[in-house]
Amino acid sequence: MILSNRVNETGKRVSDLSSWKQSFETVSQELEMANRKKHALEDLLAKNRMSRPTYEHLLKGLEEEISRLEAHRRSLAKNMMERANELRKQISLIEMFLTNLELRRIGQETDEETYNQQKESLIAGLEATKSELQQIENALAEISK
Amino acid sequence: MQADTRENIILELENIGCLKRLRIEFKPGLNIIKAPNASGKTTLIRGFSCMFSNRIPPSHLLALDELNGRIRVHYNGRIYEKTLRRTPSGQVIAHGDMLPFADPRAFDACVALAETGVVHRITGGSSVFRKYLEELSYGNYYSAVINASQELINEYSRKLAGPSFKNFEELPLLLTELTDLHIRRDQTQQEIEKSKSGHEAELQGIREEIEKKSSSLSKEEAYLSQLTRSLSLEKEREEQLQELLKLTDGSSEIAANIRRGIKSSRENQERIETEIKTQTQLVETLKRDLKTLRDSLKKKEAEGPHGLEDLERRLENIKKMIVLKEEEIQRAERFPPDDAEYPGKLVVDVRSEILRKIEWLDKVTGYFQEKYMRRMTNARHRFNSNVTKAFQNLGLKGFENVFLDQDFMLHVMREGSIQQPVETLSASEKLTISIILMLAAKETFLPNFPFFIVDELTLSYDPERFWRIMNYIKRRVPYVIVTSLTSSLTDKPEVIHKP
């Protein structure tokens, strides 16, 4: 789960979709679909369109699938929390680098061009990191609902 | 059963093969049956064999031109008799006694007839030896159970591949399709709600605009009316001033003031008229706008939300598809009413019953497979051990060892541990190995069976080696019977006994 930066056609830095996000979206969609199927199944039973033994047979399969998906999502959430902690550390580190850069500029230890280049890189990294952290926090909030 | 080896055994045959009537005596030790070609040596062996094994069919025993036949054995103070009878339909039926040591396996392990394929057995490959040891060790009972279980499993598996079960297996997919339809239905309903609320908001906007325009129009019309009244007053004022001017001296100060008043009134009238004109245009514009808005409102109210009909039609179609899908699901969970085996039954019930049976049969197969493997491994080890013992005891030059490997493939090891392919052995060597393998089989599986019979295998054989082997067998088996071709003038088999 590494957030990689690449440059698009217009020369602007963009963040690739992190693998955790793809996995999270996939598992969330599958889980929603499984729950909807369960609802459809209950509807069939209520309408007498399906016998109880068939319902229980299909329900068993569905509940196993739901349990598997929930376990996967829990494991994913754990990884996401670890990733969030890692990103928080990265943010502190980048902020420290930025402060250091400012101090070097004040102390005239770096020329204006180098300062601007480094600052631009650090800010881009900081924004990307903060953006990913925000996405993870949103996703985690979604899970805990 | 342990045979009594002290007794002589008398064999009597009547109408068996080419033998009309024969009485022959076997003594403990080596019994050599001598006779020329086609005089009944093999018939005699076959006839005797049917007293301890039912391998040879009765129709192969009874003389072709006879209706009845008999085989009688005097053994241990008792007579054992078997009669053969040809029915009017031509079938030959045998009934009667079997010798007390009879064993269905004895023919394969103790009778070396050319027709039992004794040579073929060693060149026949692993499947022949596996089958041979299976039958002698009763491993074939296990393999029969395993095969029967497997056949049942296959039969149940074929059933599970039938159309009703296939339809049932489709249920999760059908449920997914139904769920997709539910999602499409909900989305379409949301689109309809959105379309209706959007339309209502648009109508409300127009109504508010009409209200605003109406209010403006009232205000502007009131102002126009006020302007008209002002113009009228101004005209009256000018008329009054004109009347006053007529009454005055035209050159007086008063007349001059009245003229100024008239001029001012005319200017006012002109200004008011201009304003009335502008105001009239404004009122007209407002009226037109209001009409346009009212027409638009009327039209939109009549039309209803844009695309609503399409959406509602789509929703109806989806609802119909949901009903069809539900019916498909309903059909998939049961066998059709005209099903030959399970009419109208729930597939899930039948399926779980079949799966339970398959699971049980798998356990049976596994259990007997293990038993079979153990028995066959044990049989092979004991068989190999007896083969090795025979070769060692006989001290036959040229052979170090002969054994079956775990795949029941026969290996012939020459001196110096050189393996020789069985196919490349000489005819004489093949016969030697065949007889020793049979003896090993007898000693492994039928150690108490009192006979070992060798029929006409000496035709292409080294006589010295043959009699060495026969003497070895004689020391291990109570009665050894060997047939041998002779050019004697007698037409009946004779027995020469060597104790």
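The following dialogue explains the terms used to describe this predicted model of chains A and B.

Reader: How are the residues, chains and values of this model to be read?

Author: Residues are numbered from 1 along each chain as its sequence is written, and chains are lettered from A and ligands numbered from 1 in the order in which they are written. The model is predicted: local features need pLDDT of at least 70, side-chain atom pairs count only at pLDDT 80 or more, and totals for chains, interfaces and linings use all residues.

Reader: What makes a residue of chain A part of the contact with chain B, and how many residues does each chain give?

Author: Two residues are in contact if their C-beta atoms, placed from the backbone, lie within 7 Å. Chain A supplies 14 residues and chain B 15 residues. On the side of chain A that touches chain B, the elements giving two or more residues are α1 (19-46) and α2 (52-106) of chain A; α1(A) gives the most, with six residues. Such elements are DSSP runs, numbered from the N terminus: helices are H or I with at least four residues, strands E with at least two.

Reader: Which kinds of residue make up that side of chain A?

Author: There are seven nonpolar, four polar and three charged residues on the side of chain A that touches chain B. Ala, Val, Leu, Ile, Met, Phe, Trp, Tyr, Cys and Pro count as nonpolar, Asp, Glu, Lys and Arg as charged, and the others, Gly among them, as polar.

Reader: Why are α1(A) and α7(B) called roughly perpendicular?

Author: Axes are lines fitted to C-alpha atoms, for helices over the stretch in contact, and angles run from 0 to 180 degrees between N-to-C directions. Angles under 35 degrees count as roughly parallel, over 145 as roughly antiparallel, 65 to 115 as roughly perpendicular and the rest as oblique. The axes of α1(A) and helix α7 (residues 171-247) of chain B cross at roughly 95° and come within 9 Å. The two helices are therefore roughly perpendicular to each other. From α1(A), the residues making the contact are A:M33, A:R36, A:K37, A:A40 and A:L41, and from α7(B) they are B:L175, B:T176, B:L178, B:T179, B:H182 and B:I183.

Reader: Why is B:H182 called partly exposed?

Author: A residue is buried if 20 or more other C-beta atoms lie within 10 Å of its own, exposed if 12 or fewer, and partly exposed in between, with C-beta atoms placed from the backbone. B:H182 has 18 other C-beta atoms within 10 Å, and is therefore partly exposed. This residue is found in helix α7 of chain B. Leaving aside neighbours within four places in sequence, B:H182 is in contact with A:R36 and A:A40.

Reader: How do you know that α1(B) is largely enclosed by the rest of the structure?

Author: Nine of the nine residues of helix α1 (residues 41-49) of chain B are buried, so this helix is largely enclosed by the rest of the structure. Among them are B:K41, B:L44, B:R46 and B:F48. For chain B, 26% of the 499 residues count as buried.

Reader: What makes β4(B) and β5(B) a pair?

Author: Two strands pair if DSSP finds at least two bridges between them. Strand β4 (residues 68-75) and strand β5 (residues 78-86) of chain B are joined in the antiparallel sense over eight bridges. One bridge links B:V73 to B:Y80 of β5(B). Both strands belong to an open sheet of five strands in chain B, with the order β2-β1-β4-β5-β6 and antiparallel pairing.

Reader: Why are β2(B) and β6(B) called edge strands?

Author: Strands β2 (19-26) and β6 (92-96) of chain B each pair on one side only. On average, neighbouring strands of this sheet are turned by 10° against each other, direction ignored. Helix α1(B) packs on the sheet, touching β1 (9-16), β2 and β4 of chain B.

Reader: What makes a set of residues a nonpolar core?

Author: A nonpolar core is a set of buried Ala, Val, Leu, Ile, Met, Phe, Trp, Tyr and Cys residues joined through C-beta atoms within 7 Å. The largest nonpolar core has 65 residues, of which B:I436 and B:I453 touch the most other members. Its largest share, ten residues, comes from helix α11 (residues 427-445) of chain B. A second, separate core of 15 residues includes A:A40, A:L41, B:L171 and B:L175.
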